[in-house]
Amino acid sequence: MQSRARTYPFEVVIPVVSDRVKRAAGGVAAGAVGLTMSVIGVTAPQAAASSADDPVVFHVGLRNDVDSFNPFLGIEATSFEMWALMYDQLITYSPKDMSPQPGLASDWTTSDDGLTWTFTIRDDVKWSDGEKLTADDVAFTLNRILDGGPEAATWLAYMGSVESVEATDPTTVVMKLSQPNSSLPLLPIPIVPEHIWSDISEEEVKSYANEDEVVGSGPFRYVEGTAGGSTYRFEVNPNYWGEQPKIDEIVYTVYQADDPMVQALKTGEIDFAEDVPALQLDALNGEDGIKTQLGTSPAFEEIAFNTGSVDLDTGEPIGDPNPAVLDPAFRYALGFAIDRDLLVERAYQGAGEAGDTIIPSAYSNYHYDPPDDLAWSYDPERAAELLDEAGYTMGDDGLRTMPDGSPIGSLRLLARSESEESVNTMDYFQEWLDDLGIDSEVTTMESGKLTNVILDGEFDAFEWGWYVEPDPTTMLSYMTCGQRGSWSDSWYCNPEYDRLYQQQGSETDEQARADMVKRMQEILYRDAPYLVYIYDKIGEAYRCDRFEGFQQQPDPGGVLIFQYGVQSYLDMYPVTECGQGQGSDQAAADDGGGLGTGAVVGVGVAALAAIGAVAGILLHRRSTADERE
Amino acid sequence: MSAPTSTLVAEAETQQTQPEKRRGGQWRYVGSKLLGSFGALMFVLVFNFFLFRVIPADPARTLARNRLVSQEQVDELTRTLGLDQPLHQQFLTYLQNTFSGELGLSFKYRVPVSDLIIDRFWPTLLLVGTSTILASLIGIYLGMVSAWNRGKVVDHMSTGSSLTLYSMPEWWLGLVLIAVFAVGAGPIPKLFPVSGLHSTDVDPNSFVGGLDTAWHLTLPVITLTLAYLAEYSLIMRSSLLDEMGEDYLTTARAKGLRDVYVRRRHATRNALLPTFTLAVLNLGFIVQGAITIETVFSIPGLGLLTTEALEVPDYPVLQGTFLFFSVAVILANLVANLLYGWLDPRVRS
């Protein structure tokens, strides 16, 4: 027995077990922890101690991560925000309604036939490494996209009918188009420096992270972090051509859950929390030194119908849409069955406003306001009336029938499992349909699966949403015949709509184009492939005792950051108390508060632990001595 | 995690009944374990590829949604991602790449998967590794104390509290700790940061940076340690109780050895075997990270990397991480098997 025991190598693993030694060991361990803590407590505030020279750091908490700092690769909204800090675009966007404003291009003209665009590039722009930014850099960037490859995979469609881009002199860029393009001068493409990127081949671009010594022309320089790594640091770009920001650094921290982000705002670890759920926002209301808002964001959610899925080659119907949802009159009638305000209130906790068309009201220029006799409101009686008129009359069993008297059957309503709002909305919709005498059933699935189901045409209605860009072309295109089987998810096809789509795409008169865009929305409204029910709002909260002066976009009512352009980052300034104006007192963000307490407690714990350890050891000595005797 | 333990014990028992072979038995034992591990690895390699392709989503479409992107661009993206190839061709490419040590490019991040894994490995190792070690040490200790004081207050307290902690959702425990120690509640001041791995204004490679990281990791490590504790303490407690009834302890006492000595040198050593197995097996699970805790404390570890990759789905990342996890578990099993054979001669004979 003993000889075997000797072969066990556990001597090191076994914690010492004698009663007395136990106390000593505990004391020592506690002492070690306390010591570590006090060291941290004492050293950390030194690093963060505030003095007049300390940089003003703006800490932002986010809920979504960056996927790539390479503007030719990333797709996440967060990545776009980062690129906007690092790089300029030819134009930028007005805070009011995101209309084009001079950016790198101080001026632009278009020829009478709309086929030649001439941009005048500012001549006072330097890259962050001191090199001069010229028209060549612009032409280089845009030609890389026209050349195909991974750059094109991301950006080509935005170039529209642009066929060539040429720098005719250091301050002039000339674009030749195959046909007029109403999207110009909006071109949301970050301009990159030729002297850096010309060394990166098309093959290398595919996996180029763009994280080391990044050279850009934007107001901030990217100095630390790696895509997906949750923390990103930006420093002000001293060479920036525009108005210098009033902060020195921005640090973004990505939180994987809402609660910790909100807590971090409360403790002052961050100064700004982006994308806070409405419920959490309520909880923050009234906290000292914190302001909250729900900012309008140009996005909507809709209940979409299968308006006729077909095989694109043969034109034969595919899938199995319920014949009722194929009828525009049926779909339009259901628009009156939805209580939008209730959905905003209950399913979205107030984070939004009732919506109607696919171009959100934030784009006041393009948004179509349905006239009263057309506009949906929550009016079940009107819905029932319209259904009766269209022949969907109530049968003997309390269910409505098809105009030919056959039963409608049960409508399949699909909701996205990753969105609670989506599921709740469809549950309400089912009840409302039930009130009207229409049977339906809600099925929940992941959006990946839903995409396949939509492409197979095996659905009647689903819930999803879109984000809408300042140029309406992208959103409008999703409803064209050509997008069926691709990005169209309602299988909508209307030649009149398509004709207008083509027309507005090359109409260079702004007002005439806006009229066409509104006419297209009216067509969609009447045909009702989508029942748009909410324009999203994003919850934002910030420490008004640290920073003020944010610029909403759209103004009024819009979001404070994650906008088009960087105006808000340029306008904001540090303060020492809420509601302070700019320039009042020298304000430096106080970073050391929590650490200070930490230090005190750390020292205290260490002292206690040390006493405990000594006592433990003494006790141990004495008791083992007793035992030995 | 107790299932593998019992299998191992069962295995040990069956092997024990086999006829004894004095020469070469040891090598045969090692060889069979190596071969088994290799087989498991090959299976994982093949299985990995098909497992994630069952997810009903098209990565190219997910990546291109909500931007102005023509169908040609989606097709181009599909080509870039290599998804236009027939499945068997993709499979062959995958095998070829994997065997030449290439895990491919992430669909989402567009950087080599191996870089991603290495980047995310350290936070995970620091977090889960530290917690596992702490939990096993403290757990073993608690288990011993409980066993010796069986039925007394100490036993009830230790067993009760570790079971309570075990049955609490980790994320909830984490949130409570944040609310108390990172925000401050009542008389307790804010002691720790809410989340993250390190502050941005210190160099993580410096001494201060190391302390800063330790400071950030304190709460998540405490959370995980508390959650893992019961696993070790309960097994240690029960196996020690089993040993304490054995005759050899009575013999040892009869020989005049002190109680403390008998417990420490005799009972504990034998009782440690199952706990030891559990600890070694858990080493393999460390790399998988702790998704919930990484989420609550926003620590960019391997667990998060994997869950995020599911959304796309980012096949190369999923294949890479799962291969990595499998290798770790298989290695840990192998090590446990070999060490077990070495520690307990009954197993290898």
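**Notebook: helices, contacts and cores in a two-chain model**

I began with helix H8 (residues 170-182) of chain B and H9(B), whose axes come within 9 Å and cross at roughly 140°. The model I am reading is a predicted one. I noted that an angle counts as roughly antiparallel over 145 degrees, and H8(B) and H9(B) are therefore oblique to each other. I recorded their crossing as right-handed. I then listed the residues that make this contact. From H8(B) they are B:Glu170, B:Leu173, B:Gly174, B:Leu177, B:Ile178, B:Phe181 and B:Ala182. From H9(B) they are B:Leu219, B:Pro220, B:Ile222, B:Thr223, B:Leu224, B:Leu226 and B:Ala227. By class, I found eleven nonpolar, two polar and one charged residues in the contact of H8(B) with H9(B).

**Entry: a helix pair across the two chains**

I next looked up helix H5 (residues 150-159) of chain A and helix H4 (residues 71-80) of chain B. Their axes are 9 Å apart, and the two helices pack at an angle of about 160°. An angle over 145 degrees counts as roughly antiparallel, so H5(A) and H4(B) receive that description. The crossing of H5(A) and H4(B) is left-handed. On the side of H5(A), I found A:Pro150, A:Ala152, A:Ala153, A:Leu156 and A:Ala157. On the side of H4(B), these meet B:Gln73, B:Glu76, B:Leu77 and B:Thr80. I sorted the residues of the contact of H5(A) with H4(B) into six nonpolar, two polar and one charged.

**Entry: the contact between the chains**

How many residues does each chain bring to the contact? I recorded 62 residues from chain A and 64 residues from chain B. On the side of chain A that touches chain B, the largest share comes from helix H2 (residues 19-48) of chain A, with seven residues. I also noted the classes on this side of chain A: 31 nonpolar, 23 polar and eight charged residues.

**Entry: chain A as a whole**

I noted 19 helices and 19 strands in chain A. Chain A has 629 residues, of which 48% count as buried. I then turned to contacts in chain A between residues at least 6 apart in sequence, and found that 71% of them join residues at least 24 apart.

**Entry: the nonpolar cores**

Which residues touch the most other members of the largest nonpolar core? Within its 161 residues, I found these to be A:Val138 and A:Val173. Helix H9 (residues 207-244) of chain B supplies the largest share of this core, 16 residues. I looked up the contacts of A:Val173, leaving out residues up to four places away in sequence. They are A:Phe119, A:Ile121, A:Ala135, A:Val138, A:Ala139, A:Val165 and A:Ala167. A second, separate core has 72 residues, including A:Tyr93, A:Val344, A:Tyr363 and A:Leu476.

**Entry: backbone angles**

Most residues other than glycine have a negative phi, and most peptide bonds are trans. I therefore wrote down the exceptions below under that general statement.

Two cis peptide bonds are entered here. The bond from A:Leu184 to A:Pro185 is cis, with omega near 5°. A:Pro185 has its place in the loop between strand S7 (172-177) and helix H6 (194-197) of chain A. The bond from A:Asp555 to A:Pro556 is also cis, with omega near 0°. I located A:Pro556 in the loop between strand S18 (547-548) and helix H18 (567-571) of chain A.

For positive phi, I first entered A:Ser230, which has a phi near 80° and is not glycine. A:Ser230 is in the loop between strand S8 (220-224) and strand S9 (231-236) of chain A. Is A:Ser230 buried or exposed? A residue is buried if 20 or more other C-beta atoms lie within 10 Å; A:Ser230 has 23, so I entered A:Ser230 as buried.

B:Arg110 is not a glycine either, and has a positive phi of about 60°. I found B:Arg110 in the loop between helix H5 (87-99) and helix H6 (113-148) of chain B. B:Arg110 counts as buried because it has 22 C-beta neighbours inside 10 Å.

**Entry: A:Glu418**

My last item was A:Glu418, in the loop between strand S14 (411-416) and helix H13 (420-436) of chain A. I entered A:Glu418 as partly exposed, because 13 other C-beta atoms lie within 10 Å. Leaving aside neighbours within four places in sequence, I found A:Glu418 in contact with A:Glu446 and A:Ser447. A:Gly114 is 304 residues apart from A:Glu418 along the chain, and 45 Å separates their C-alpha atoms.

Methods:
Residues numbered from 1 in each chain as written. Chains lettered and ligands numbered in written order. Predicted model: local features only at pLDDT ≥ 70, side-chain atom pairs only at ≥ 80, totals over all residues. Contact = placed C-beta atoms within 7 Å. Helix = DSSP H or I, 4+ residues; strand = E, 2+ residues; numbered from the N terminus. Nonpolar A, V, L, I, M, F, W, Y, C, P; charged D, E, K, R; others polar. Axes fitted to C-alpha atoms, helices over the stretch in contact; angles between N-to-C directions. Parallel < 35°, antiparallel > 145°, perpendicular 65-115°, else oblique. Left-handed = near helix turned anticlockwise from the far one by under 90°. Buried ≥ 20, exposed ≤ 12 C-beta atoms within 10 Å, placed from the backbone. Core = buried A, V, L, I, M, F, W, Y, C linked by C-beta atoms within 7 Å.
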